[in-house]
Amino acid sequence: MWRNVPMASWAILAATLLLSVIGVLTVWAAEGQTHVPPHAALRQSGYVAAGLVALVLMARVGYERWGQVCGMLYVVSVLLLVPLVLARLVGGLPLINRINGTYRWIDLPGINLQPAEIMKVVWVLTLAWLLQRATRLKELTGLFLPMMLTALPMGLILLQPDLGTVLLMIPVWFMMAYLAGARSRHLLLLIITGLAIVPFFWFRMEPYQRMRVVGLVLQDEQLRARVIAEPEKYRWLCDEESARQWESGAGFQLLRSKGALGNGGLTGQGWGAGTYVQHNFLTFKHNDFIFSIIGEQWGLLGCVVVIGCYLVILLAGMDLAGRCLDPFGRLVAAGLTAIFVFQALFNIGMTTGLTPAKGMTLPLVSYGGSSMIASYALLGLLISVGRRPKPTLARPVRQIMEMPHVRLG
Amino acid sequence: MVEHRLRVIRIILISGLLLLVVRLVQLQGLQADYFQAAAMELLASLPQYLESVRGRIVDRTGRELAADEPAWRLGVHYALISEEEDYLHKLARKILRYSGHPLADAALVAGVQERLRGQREELWRFIAERSGTSPADLEQQRRQIQQRVEQIKQQVELTAGHAVTLAEELELHPLWRDVTAAQQIELQLELNRRFRWLVQFEAVAVQSDTRRVYTGGEVLAHVLGRLGAVTPETVVRRPFVDEPERMDLGGYRGWDEQGISGVEASAEELLRGRRGRVITYRDDRPTERVEPINGSEVTLTIDLELQKAIYELVRKQVAAEPDVPGGSVVVLDIATREVLALVSYPAYDPQEWSHDYERWRADTRHLPLQFRAVRSQYAPGSIVKPATVVAALASGAVPEHYQYECTGYLFPEIRNRWRCWRPAGQSTPWAHGLLDAEGAIKHSCNIFCYTLGQKLGVDGLCQWLEMFGVGRASGIELPEERQGILPTSDWLSRKDLVASPGRARNYAIGQGEMELTPLQAANLCATYASGVYQPVTLLRGGEPKEFWQLPVSPSIWQSIRRGMYAVVNEEGGTAVKYARLDHPDYVLCGKSGSAETSRWITACDVFYQEAGQQRRFRLPANTVTQAREEFSRLFPELKPERITPAAYWPTGSAGEGRRHSHAWFIGYLQRRGPNGRPAENELPCVAIAVLLEFGGSGGRASGPLCRDVARTIIEQFPQFLQR
């Protein structure tokens, strides 16, 4: 069976394992501090092992067979999201606890199940299946059904609330639709429409919600000074008080995160060394903000290695997509790669102050069973796209597909 | 086309990753130095401040009068004091997290918050009970702390131009001071038992503190003054600042104490120390330590033993006089004008302040809180006559050998006014006959002085009296001091009064609007004895003060000093019967004074309407205004209709056709020359002023006291008579 596995898949596996090792080492370094659970590194190793099993399982079953049952999977995943929304409406259900004001986890014995993680993979699979069968993608109205398919889980996830996952799904939807053959001008029209209604929501948002985005802009000390000096002029952006208290309020976590990264310098303070690694100055350092203390321990060098790993997965994933002759497999591969890399982009962007702070893990690195196993499963599915033996055809598939009379799907 | 679209997607994602690398180069490459320095700063602990000890106050020989001793205090977090609900909410969540319920729901938090609210109320009861204050007083104390912090906040925000959070809002404020060592252990144990969570999260704590002990006791109560809670003005004027640029660890924090009266207030800058500060680091950097600086020791010019001896003499004299509610004695060193004794009687026990304050305040007859020596002003009466004589002779208003014949009346045809004085039991005034300056002082002749006052006029007289220090701050380092009244024509016109010749005549004998404090009287006496006006001094080591020689020829001084000698030592002198000091080496020269005055109000009746009926409430007060204020403090909801004086002191009359008078006597001690008379070429040593309120005749009441003081100095304190 191994001969069927292309180089790209091996590259993905190698990058995956390297990221997992970096993750386990960093969680180990952070052990024993507030909010870091006991024996976190050991547990994390267990999650990695479980993840590997999931990876192999997903790869062996193969995306085609998963694709055949994707309708059922979709229904099950949506049903898993429903109790979370219910829990939020009634303020808690058995097995579902409120954590940081959200209802995202189902507390099963042995593992905290995060249905949104499952939904992410299933959604890509289902969307790929639908796009591959859609006949009117070249028309604007043809995009309606794929949008609806996305809107249902998106709405449910938004109600948990988990804005991060939703923000992830939007660009991936556009990419997959683009890849499936939707017209660029239709997609652009949708994007412009979306942007046009942003101000409408902007002024209906609560100030604290606005601060999540504005907080990023306020990183600039000079801008803060200007807001304080001329509060009237900047009323649309934020009020004077939030600018004044940015450092101890909305910007606190970001300042600390950037502080940890900066403290690492070029080569880092060394494993387990550094102010933010050793002391309780940075919360969520073992999960959402793990990248900050990776940066503190191993500096710019370590950060580039981590980003390099994601780059390898990106290139390899796209390579698998490009080589795949099955349009469904191609969409699945590209979609999975995109959602995986986007999550890494968002997370690192958050720790460096480029994207708004949303609860989102760094895939394969952050502490947490649900996220870890889901990431491995996602990559297993991706690898399975490469596993398909090359069919023997008279002429290259590429040429067949581009023939005018051949209709895909 | 698919290939192309895949490439587009790939490029988008790769540029995303590249953007991250660029950002990381910025943070970890370009700004690394800044972030590394910031990380080092994070490792510094919050500064710990070390309290300093307030300086001691000692007398001129080094005897301790006031000192700090170790004590404890019960501090309560400001948010508890101000009953802030948000703080309780946060505390409830902290407690739940600490006890293993990190995900507690709102109902559970609200339950704990409710219990904390109960604990807070219990804490107030507990503190009130243990410290022996009433719950109402404790409540008022809390309101005062809150008001103080809010006032400071207002001021700071006004200058800053935006909202601020003061350190005072995040720290503990003492609700019970002066906890003893034994009490503090029990207190600590009981707090741990009953208010476990409040102690655990530092909402309540027993903190180390100091307690001011006044070993000087009652006799120096007024002089030393006392400490009180710092005023918002002081905090705003000199706040405690711990920032690199404008660091002032000697500044005030909102729960500090400051001197609010007496030497404690005037020497505040010296006595107050400066806090120390410790910063420790979590890495291997050494601890940064700024040692606290204790306050300096302040030395008074007063001699504790002399002060005690005189206080005892005054106490005896006052006890012997039925009408006298209190009095004052001041002793000055004439050469240096150092205050050797500054007695104000009656006084109070400073250690019992919090206990007995209300009782002392209500004693409107004895006024134990009144610092008579520097704060009470009285008409000088005849003790000002030597100055009148000097003014008239030295200014040339009358020739130097001016003589006048006293017939008992200034205007023979107006017999009921401008008369000379008459002694007790005599119905007609003295007719002193032909008098010169010396004789006028010896007999304290009013008529002689009327003529001088008339010649000088109000301003002519006041110009000279000002040189003698009348109406001028004496220079003593006490915030309570009042500077007396010099009724110049300017002053009179401000009061809508006319500088008439009649006023000039009255001022010449020390009656009318003119007023002096006992301390000013003592300095006046020192000026008579030395010919030099010099401000007085209470604190050792101060700046030298400006002084001047009066433009008076020696022969004029000689005549008034001979007069003052005759007052006490020659047959016919006004005080010869009472104040004569029979001593081989020293002679007491002096001048008596009886300053006519009205009686004091000691209580007022307040009439008010309640339930349609007129009611009356009698309360102790010295003025109607004071009664009104006191009444509205006690019963803010009632509105007084009418307030009338209800009781007076003295209760009896002063005798037929007379008015009550305060008894003055000023005197100075001089060495005897070979002929038994004062050695005129030598500077006298000490000046003494005695005042007994409602003592009647100065010579009779105050003279003996002055003599006893002089004798005590000669016998027990000869060091003050040596040059």
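## Where the chains meet

Chain A brings 39 residues to its contact with chain B, which contributes 30 residues; two residues are in contact if their C-beta atoms, placed from the backbone, lie within 7 Å. This is a predicted model, in which local features need pLDDT of at least 70 and side-chain atom pairs count only at pLDDT 80 or more, while totals for chains, interfaces and linings use all residues. Residues are numbered from 1 along each chain as its sequence is written, with chains lettered from A and ligands numbered from 1 in the order in which they are written.

On the chain A side, the elements giving two or more residues are helices H7 (163-180), H13 (252-264), H15 (290-323) and H16 (327-352). H15(A) supplies the largest share, 12 residues. By residue class, the side of chain A that touches chain B has 22 nonpolar, 14 polar and three charged residues (Ala, Val, Leu, Ile, Met, Phe, Trp, Tyr, Cys and Pro count as nonpolar, Asp, Glu, Lys and Arg as charged, and the others, Gly among them, as polar). Helices (H or I, at least four residues) and strands (E, at least two) are DSSP runs, numbered from the N terminus.

## A helix pair in chain A

Let us turn to two helices of chain A. H4 (residues 70-90) and H6 (residues 144-158) of chain A pack at about 25°, their axes 9 Å apart. Therefore H4(A) is roughly parallel to H6(A), a label for angles under 35 degrees. Axes here are lines fitted to C-alpha atoms, for helices over the stretch in contact, and angles run from 0 to 180 degrees between N-to-C directions.

From H4(A), Val78, Leu81, Val82 and Val85 of chain A meet Leu152, Pro153, Leu156 and Ile157 of chain A in H6(A). This contact holds eight nonpolar residues, no polar and no charged.

## A three-stranded sheet in chain B

In chain B, three strands form an open antiparallel sheet in the order E19-E18-E20; strands pair if DSSP finds at least two bridges between them. Strands E19 (613-620) and E20 (640-649) of chain B stand at the edges with a single partner strand each, so one side of each lacks a neighbour in the sheet. Neighbouring strands are turned by 25° against each other on average, direction ignored.

E18 (residues 600-610) of chain B pairs with E19(B) over eight bridges in the antiparallel sense, and B:Gln609 stands opposite B:Gln614 in E19(B). Helix H24 (residues 624-634) of chain B lies across E18, E19 and E20 of chain B, running at about 125° to E20(B).

Note on methods:
Angles under 35 degrees count as roughly parallel, over 145 as roughly antiparallel, 65 to 115 as roughly perpendicular and the rest as oblique.
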